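Reader: I'd love a close look at the salt bridges in this model. Could you walk me through where they sit and what surrounds them?

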Amino acid sequence: MLVEKKERVILGIDPGTAIMGYGLVLEKGNKMELLSLGVVKLNHLDDHFIKLQRIFEKTMGLIETYKPDALAIEAPFYGKNIQVTLKLGRAQGICMAAALSKNIPVTEYAPRKIKQSITGNGTASKEQVAAMLQRLLNFKETPEFLDATDGLAVAVCHSFQKISTSGGKSKTYTGWEAFVSDNKKRVK
């Protein structure tokens, strides 16, 4: 039988080539604690490959400092400008490569899924997400850039997925017959 760790650290990243946001949470059972959040400013750099190098170095630094058990990352959205989408995909790939090089599992979440899990609304604003995270994790300071809370939101979203899928009494069934057989008192 596989024994699950009682605690785990989740690194969440909102990739970007101008500003990359990140957040780290410590998950203890069904509780979460804020470890860190911040941004990496890259907009002063002109060379795209230097930006990617800085993203890799910062991600590796976060991994070495906090030793996360999982990386959760926001999927790039598909805009009208294919060059921007390509650059975001590269930034995301660099973060994934850093985690995978240390055997850290990576999970990708769509922006709508992240917002939905934090606020209950898949079209929530960055400000609404930030306000909800402040309440959930009990911190007062408002980051200078909402990219920081976007990164934190990805980590919290990942934690919520684990809690809702493997915590408590949750179970997976192969069909209605299996469900009915295990839940005779619930079925009329």
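Author: Happy to! A search of the whole structure, which is a predicted model, turns up three salt bridges. Side chains of opposite charge can pair when their charged atoms come close. Let's take the pairs one at a time and then look at the surroundings.

One of the pairs joins E27 to R8, with 2.7 Å between the closest N and O atoms. This pair links distant parts of the chain: E27 belongs to strand 2 (residues 19–28) and R8 to strand 1 (residues 7–14), and the two are 19 residues apart. Both E27 and R8 are buried.

Another pair is K28 with E33, whose closest N and O atoms are 3.5 Å apart. Buried or exposed, what are K28 and E33? K28 counts as partly exposed because its relative accessible area is 38%. E33 is partly exposed too, at 37% relative accessibility.

Then there is K126 with D150, where the side chains meet at 2.2 Å, N to O. K126 lies in helix 4 (residues 126–137) and D150 in helix 5 (residues 146–166), so this salt bridge ties together parts of the chain that are 24 residues apart in sequence. The two partners have their own settings: K126 has a relative accessible area of 39% and is therefore partly exposed, whereas D150, at 9%, is buried. Leaving aside residues up to four places away in sequence, D150 touches D14 and K126. If you are setting up charges, you may like to have that list of neighbours at hand: D14 is on it, along with the salt-bridge partner K126.

Now for the surroundings, starting with the chain as a whole. The protein chain has six helices and five strands, and from the N terminus on they run β-β-β-α-β-α-β-α-α-α-α. Of its 188 residues, 40% count as buried. Among contacts between residues at least 6 apart in sequence, 61% join residues at least 24 apart. The accessible surface comes to about 11,300 Å², and 54% of that belongs to carbon and sulfur atoms.

Strands 1 and 2 come up again when we turn to helix 2. What do the buried residues of helix 2 pack against? Their partners are strand 1, strand 2, helix 1 (48–66), strand 4 (70–74) and strand 5 (106–109). The buried residues themselves are T85, L88, A91, Q92, C95, A98 and A99. They lie on the same side of helix 2, because they cover an arc of only 150° around the axis. On the face turned away from this buried side, helix 2 carries the exposed residues I82 and L100.

The geometry of helix 2 can be checked with a little arithmetic. At 1.5 Å a residue, its 20 residues (82–101) should span 28 Å, and the end C-alpha atoms are 28 Å apart, so the two values agree. At the N-terminal end, N81 caps the helix, with a side-chain oxygen 2.9 Å from the backbone nitrogen of Q83. After helix 2 comes N103, which has a positive phi, near 60°.

T59, in helix 1, gives a residue-level view of that packing. With a relative accessible area of 0%, T59 is therefore buried. Not counting residues up to four places away in sequence, T59 touches I13, M20, C95 and A98. C95 and A98 are among the buried residues of helix 2. The C-alpha atoms of T59 and A99 are separated by 7.8 Å, although these residues are 40 places apart along the chain. The side chain of T59 also reaches the backbone oxygen of I55, at 2.8 Å.

Helix 3 (residues 111–119) makes a nice companion to helix 2. Its buried residues are I114, S117 and I118. These cover an arc of only 95° around the axis, which means that they sit on the same side of helix 3. Helix 3 is followed by G120, whose phi is positive, near 85°.

To return to your request, the salt bridges are E27 with R8, K28 with E33, and K126 with D150. E27 and R8 are both buried, K28 is partly exposed, as is E33, and the last pair joins a partly exposed K126 to a buried D150.

Terms used. Residues numbered from 1 in each chain as written. Predicted model: local features only at pLDDT ≥ 70, side-chain atom pairs only at ≥ 80, totals over all residues. Heavy atoms only, no water. Salt bridge = Lys/Arg side-chain N within 4 Å of Asp/Glu carboxyl O. Helix = DSSP H or I, 4+ residues; strand = E, 2+ residues; numbered from the N terminus. Buried < 20%, exposed > 50% of the residue type's maximum accessible area, 1.4 Å probe, protein only. Contact = heavy atoms within 4.5 Å. Expected span 1.5 Å × (residues − 1). Arc of directions from axis to C-beta. Polar contact = N/O pair within 3.5 Å; in protein donor to acceptor, adjacent residues only side chain to side chain. Areas by Shrake-Rupley, 256 points an atom, 1.4 Å probe, with all protein chains shown as cover.
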